[in-house]
Every structure is written in structure tokens, then in C-alpha cells.
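Biologist: I'd like a close look at the aromatic side of this model and whatever packs around it. Could you take me through it slowly, with the cut-offs?

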Amino acid sequence: MGSIASPFVLLSLLLLPTLLVTAKKTYIVQIKHQDKPESFATYHDWYADSLQSLSSSPDSLLYSYTSAFHGFAASLDDEQVESLRSSESVLGVYEDTVYTLHTTRTPQFLGLDSQFGLWEGHSNQDLEQASGDVIIGVLDTGVWPESKSFDDTGMPAIPKKWRGECESGPDFSPKLCNKKLIGARSFSKGFNMASGGGISKNPKEVESPRDSDGHGTHTSSTAAGSQVGNASLLGYASGNARGMAIHARVAAYKVCWSAGCFGSDILAGMDRAIVDGVDVLSMSLGGGSAPYYRDTVAIGAFTAMEKGIFVSCSAGNSGPEEATLANVAPWIMTVGAGTLDRDFPAYASLGNNVRYTAVSLYSGEGMGNKPVPLVYDKGTNSSSNLCLVGSLDPARVRGKVVVCDRGMNARVEKGAVVRDAGGVGMILANTAANGEELVADSHLIPAVAVGMKVGDMIRKYAQSGTNPTAVLAFGGTVLNVKPSPVVAAFSSRGPNMVTPQILKPDVIGPGVNILAAWSEAVGPTGLDNDTRKTQFNILSGTSMSCPHISGLAALLKAAHPEWSPSAIKSALMTTAYNQDNTNSPLRDAADGSMSNPWAHGAGHVDPQKALSPGLVYDISTEEYITFLCSLNYTLEHVKAIVKRPNFTCSRKFKDPGELNYPSFSVVFGNKRVVRYTRTLTNVGSAPSTYNVTVDGPSTVGIAVKPTELVFRSVGEKQRYTVTFVAKGTNPTAKAEFGSIVWVNAQHQVRSPVSFSWTQL
């Protein structure tokens, strides 16, 4: 049949001569795998030939995907793209998208250092040994292999199932890998194409798995770092640093570079990780929300789930605005962020004898006790209040403490701008966008951060015209902070705009001021002019909460190797808690109000309870396909996700919310009644009996049948139906929340419920 002539209909004939040379961009091309002619030995050969027939150069083919995705990534011009789109063998051609990173006391805070009730019938040591068979693949900025967090002392041989490797690079020897860090690869073709050969142009960018950013080392060590004593960031948060699953293995896939994380590179990393044999995929990155067939991460994650791989992704850092979530596919664990019970207090003492509490990680020489002039440069320059680069007048700020509004540029960059203009200190003041949330930073000059309310008072004083002054002081590390956890203001919020009937995020985990390993190629602020070196750093973001959940999933996988990714997710969700350490409902750092499931999902993870959840909501691949068939996608779009050539959507739900999910999102729309049936699987003792309790707003009636479930054996499944009735003819348009809990003496299996009256 010749090269590509049959299925690709001799694409070269479709090209028209042109005098214009159009710029090439990277595109991801979805292909009907079953159309490959027998004359080609491999899919790669077929793809290469198809591009050659498009008069494309041999190096246009960047990646051939085999597992996570059916298709390839290539550098194409506009006419080549249109030619491909006209082929019957092509499901879709999409321009490469850029994803962004969602930037140690945690094990103790989560109860992982306790010795009671962790895993029924087993000790902590049993669980740690079992987790040695679990491999966590981290897609990020690479790894700093020399970190003590990747020490393999005492670890057994690498699991025989492992098929990965450690790549060689100009600054990375395969010998740097060991029995803890068992794999390291890099994927840069998408980045290179988008940045016009970015690696060759940037001396700091090296085509190797080595982490020159720090983010990937931080997330990898959070998930599964070995225990390291006397860890700290320049004296802050001193103590033992360890990951969630200290005996699990780490495989690093570098897919993020200075310009971001390109979809073609992410997909290549996922593709390779699936083949390599990882058990958990941890991805602290994301883009905007899009239909699942257009979402690179969602498509790759579907294949991972189908192969038994748990996928954990960060929810995003675009809170507290609603509808800002990333990574919302139901087969992905979507992780928001909360605070720890640890803080780094600092103080701003003003000339009016008022002392305000703030936070900081500044570790240099202090200011002393002598007050210095305070200035807030609002109005003299359009951006001077934000302390953007070049915005401050040295004549106005030299020798003074400068008040800078949070926003627009990096918090640590503001301090550098103040320093460069001759300022001696900074008060970083929140605006309405960040409310009362405080995030500590390792500033280059004496600097503290305050919330909006305090910020407004300081701004007013600084503009009072009475020779305002300030002195900044630093208080080190404080533990047992109350209340905690609190939902981080930056943590992205629901509702889920891709599928409103699926409640997201799923859970929150520790994501504020997290201590973990760091790259020694960069200072703790990440700024070019920060020459300090540290083996550990403190960061905040859903990037930090995601690997906590990845590590916990590895522990659950070790304890229950027979559980599916959906069962692990269910266990983490239904055992999550919704009260802080003052026994009050979880609060929102944005304004101090009560949080809700659009912010915290099912609640804050509780590893001890998750290991023994009693019941789980399991979901098979077939059920996920039925869900996809309910979304009004074309059959070709569904095929692009599930990668099955000959199936038809013979089964579909009347409502996507019928998926056997561990939470409920009820969208009444023009309906008054919404009814869902769920199936629970007994993974606890038998026989066992559970009774239901419901909680909801007065505007909704909730009825569950039956109200009692009896399980006579382990693995037995029981169904229940819940009917939600909107009361009255004119209910509020405001979202409300509730819960459905199955309870016995040992377990509480809790599902959050959200109610919306208008179509989201």
C-alpha cells in the first residue's frame, strides 16, 4: 500500500504550492491507532513517513507516543496542520499548550510518626517495608540526586518490575541513581521547539534530569524522601525532614523548563513512566480547564488509571476565586492546600507604638532596635506600590522600610527591588486578592508579610505624614499553632466547570510553608541574584500538597496492593476530616470564614484512618467510559481518551453524576429532583452493619434508601439510592453544602455534597 497513502490519503497531494513560509509550531496529533498499515513495523515509522509525505524535515517528529496517548508531537506549519486535520486517520490536531508549576513537620502533623492504629494488624515497620515495592514517578523540574533525601542506605534491591533507567547528561551520571532514586529522565523537545532552541541558548538550561530550579527536588522528597536529621532552611523549621513514604522508590521525569511545562513533553514523560512501571504519578502542574479530550494530563492519566497507576495532581494556585480548578478529571486525585500547625512569626513595630504580628523566613542580619523611616509609595508611580522592577525612586526609599502591595510579581522579587533601590527593609502587605493568608519567604533583606487588614492599617499610618517609622523583628519557628489546618487562600476552588456533576477538589493536604529538599544550583528565593545555598527550602503551593497525597497513596498501595486507584482515592476522601485542632469547622484563610467543599473537597487527609476506611466507592475503567459517554462528546472524542478503536457508547448515564464517586455534586438546573445510586464495597471486617446519617440545607430534602447496609463478607458490595429534592419554587441561587455519612462503631464513611440551583 506504499508509505502512508492508504489511511493518510497521500497527504502530500493535499498540499498546495505557496510562496509564503509559515512559522512552525509544535502540535500534538491524535491518531486512530488501528489504521496503521502492516507495511510499517512500528507506529514511529508510520508517523515519520506521514510527516515526510507532508514535505516536513526528518527532525519535525518530536515524540511518538505509545501508552499515555495514541499519536505524536511534531513541528508543523499551518498548511501541514490543515492537511492532517483532513485525514480520516487523524482524530485531532492540537497546538501544544504550556502548563505551569503550582508552586517538616508534616509527617508528624499527619500522624505518620505515631505508633497506634496505623494499619490494622501491622506495625509501622511492616508498612514501611511493604512500601519498598512502590514506585512514585514525579513529573517536574528534575532532581538534585546528591540530596540526602535520596540516600538509599538500608534499602533492598530495586523491584524487578522496574523497567526505567537513569539517563546520562552533561551534568548527570547514571551512577548518581541508587536504590532510592531509581530513575531519572528528561523531555525537552517541546520546550526547545517553542523557545527556538532554548536549551542551547540558555547556559543555565542543561538537557539532563538535573534540577536547576529546585521545585522537582522539593516535590520528590516530599512524596518519598528518606529521613534526614537536622534539616532546616537557614535555621528555620529545624528537625527531621522525611517524605510521606520513606521506603518508596522515586523516579524523576523532567518535563518542566524555564519557560514552563509543555504538553508534548508532559505527555512524553507520562508515556515513559507508564511503560517504566511506576505505581503512582505525582504531577504538581496544571493549565486551565478544558474538555477531557483536549486535556493532555487527563488523557495520559486515563491510561495510567487503566493500568492501575494512581495519579495525583495539584488543584492550582488561583484561589480564592471560584471556578479556578485545574486537573478535574474524575480519575485524577485533585489536591488543594491547607496550613500546618507550624508558623514563622515576625513583627512590625511602628512609631505609633503599635506592634503587628507578621511572618517571615528572613535569616540574615537583623535591623536592630532603632526605628527607621517608613514609606508607602502609592500614587507617585503607577507601580511603585507593587515594588515592580525599576518602579522605586531611590531618593524616596533609601535607608527606609518600604511597604509593598502583594501581587503582580514574585513576593521575593519585591524585596530584591527594595534592596536595589537602597531600602533597608520591607513590609509585604496583602490586598483583597489574598485576604488574610500569610506565606513566609526567605527574603534577601529584612522583610515581613502581613494580611490585608493589618496591611491597610500600616498603609494608612505610612501615609499619615507624621514621620512614620518602623522596626522589623524575627521570631524563628513556632509549633502547635491554632487553628490548623486552615484552607490556603491561594488554593484553587470549585465548582468544577468541566463536569459540574463531579465535586472538586477531592481533598486538601499540607501546602503552606513546607520544608523539603532543594537544588544547590539555585538560592532559596530562586532569584538570579540570590547566591545563598541550602539543602532544604520552605515553599508553599498546591505543588507542595500534591506530593503529600502521592506519598500517602504509595503507603495505601503498599498496605492494600489489590486496591484500584479509585479505591485508594475513596479511602483518602471518605476518611478526611473537616474540623481543625480547635474542634471547629475548617476555616478559609482568605477571610477567616467557614470553608466549604468547593475549597476543601472531602476535607483534610487523615492517613491513619485512610489505611482502614471500612468501605470504599470503587470505579472500574468501564464505568469511567460510561461516564465519558454521558458528556455529549462525539464518539471520536471519547475514543481519543479511552484509546479503544471499536467500541461504541452503548452504555451511558442519564446524568454524569451517576458515576460511583465518593462525593456528590447536585446540580438541580431545571429539575426539582435528582436521584443517584451508589455502590459501596466492604474492605473492613465482616459481618458489619452501617447506618446512614445525612446533613443538608433546609432548602433540600435528602432521603436515603436503605438506611442500613449489612455486609456479610469482605469484598461484598451493597447499593443505596439517595434522592435530593429542591424545596419550594424559588430556591436560592447560592450554592449550599451537606454530607452523607455511613457509620458503625469503627468507621465513618463520609461523602460531601454540594448543591447548585443553576447550571454552572
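Biologist: Let's start with one ring: does Tyr65 count as buried or exposed?

Modeller: Tyr65 counts as buried, because its relative accessibility is 1% (buried is under 20% relative accessible area, exposed is over 50% and partly exposed is in between, with a 1.4 Å probe and protein chains only). Before going on, keep in mind that this is a predicted model, so local features need pLDDT of at least 70 and side-chain atom pairs count only at pLDDT 80 or more, while totals for chains, interfaces and linings use all residues. Residues are numbered from 1 along each chain as its sequence is written, and side-chain values use heavy atoms, with hydrogens and water left out.

Now the rings. A pair of aromatic rings is described by the distance of the centres and the angle of the planes. Rings of Phe, Tyr and Trp (for Trp, the six-membered ring) pair if their centres lie within 6.5 Å; planes under 30 degrees apart are stacked, over 60 edge-to-face, and the rest tilted. The count by this rule is 24 aromatic pairs. In one of them, Tyr65 is stacked with Tyr63, at 6.0 Å centre to centre and 25° between the planes. Tyr63 is buried too, given its relative accessible area of 10%.

For contrast, take Phe664 and Phe724, an edge-to-face pair at 5.9 Å centre to centre with 65° between the planes. Phe664 is in strand 32 (residues 664-667) and Phe724 in strand 37 (residues 717-726), so this pair ties together parts that are 60 residues apart in sequence. Here, strands (E, at least two residues) and helices (H or I, at least four) are DSSP runs, numbered from the N terminus. Both Phe664 and Phe724 are buried. They also belong to a cluster: ring pairs link Phe664, Phe668, Tyr676, Phe724, Phe755 and Trp757.

Tyr676 brings in a charge. The charged end of Arg678 sits over the ring of Tyr676, 5.5 Å from its centre (the rule asks for NZ of Lys or CZ of Arg within 6 Å of the ring centre and within 35 degrees of the ring normal). Elsewhere, Arg210 lies over the face of Trp144, 4.5 Å from the ring centre.

If you go on to the helices, aromatic residues turn up in the packing there as well. Helix 10 (residues 296-306) and helix 18 (residues 621-628) pack at about 150°, and their axes are 10 Å apart. That angle makes the two helices, helix 10 and helix 18, roughly antiparallel. Axes are lines fitted to C-alpha atoms, for helices over the stretch in contact, and angles run from 0 to 180 degrees between N-to-C directions; under 35 degrees is roughly parallel, over 145 roughly antiparallel, 65 to 115 roughly perpendicular and the rest oblique. On the helix 10 side, Phe302, Met305 and Glu306 meet Thr621, Tyr624, Ile625 and Leu628 of helix 18. Sorted by class, the contact of helix 10 with helix 18 has five nonpolar, one polar and one charged residues (nonpolar is Ala, Val, Leu, Ile, Met, Phe, Trp, Tyr, Cys and Pro, charged is Asp, Glu, Lys and Arg, and the others, Gly among them, are polar).

Helix 10 also packs with helix 19 (residues 635-642), this time at about 55° and with axes 7 Å apart. Helix 10 and helix 19 are therefore oblique to each other. Ile299, Phe302 and Glu306 of helix 10 make this contact with Ala640, Ile641 and Val642 of helix 19 (contact means heavy atoms within 4.5 Å). Its residues are five nonpolar, no polar and one charged.

Back to helix 18: six of its eight residues are buried, so helix 18 is largely enclosed by the rest of the structure. The buried ones are Thr621, Tyr624, Ile625, Thr626, Phe627 and Leu628, and they pack against helix 10, helix 15 and helix 19. As for helix 15 (residues 565-574), ten of its ten residues are buried, so helix 15 is largely enclosed as well.

One last stop follows helix 15. Asn583 lies in the loop between helix 15 and strand 30 (587-588). Its phi is positive, about 60°, although Asn583 is not a glycine. Asn583 counts as exposed, because its relative accessibility is 60%.
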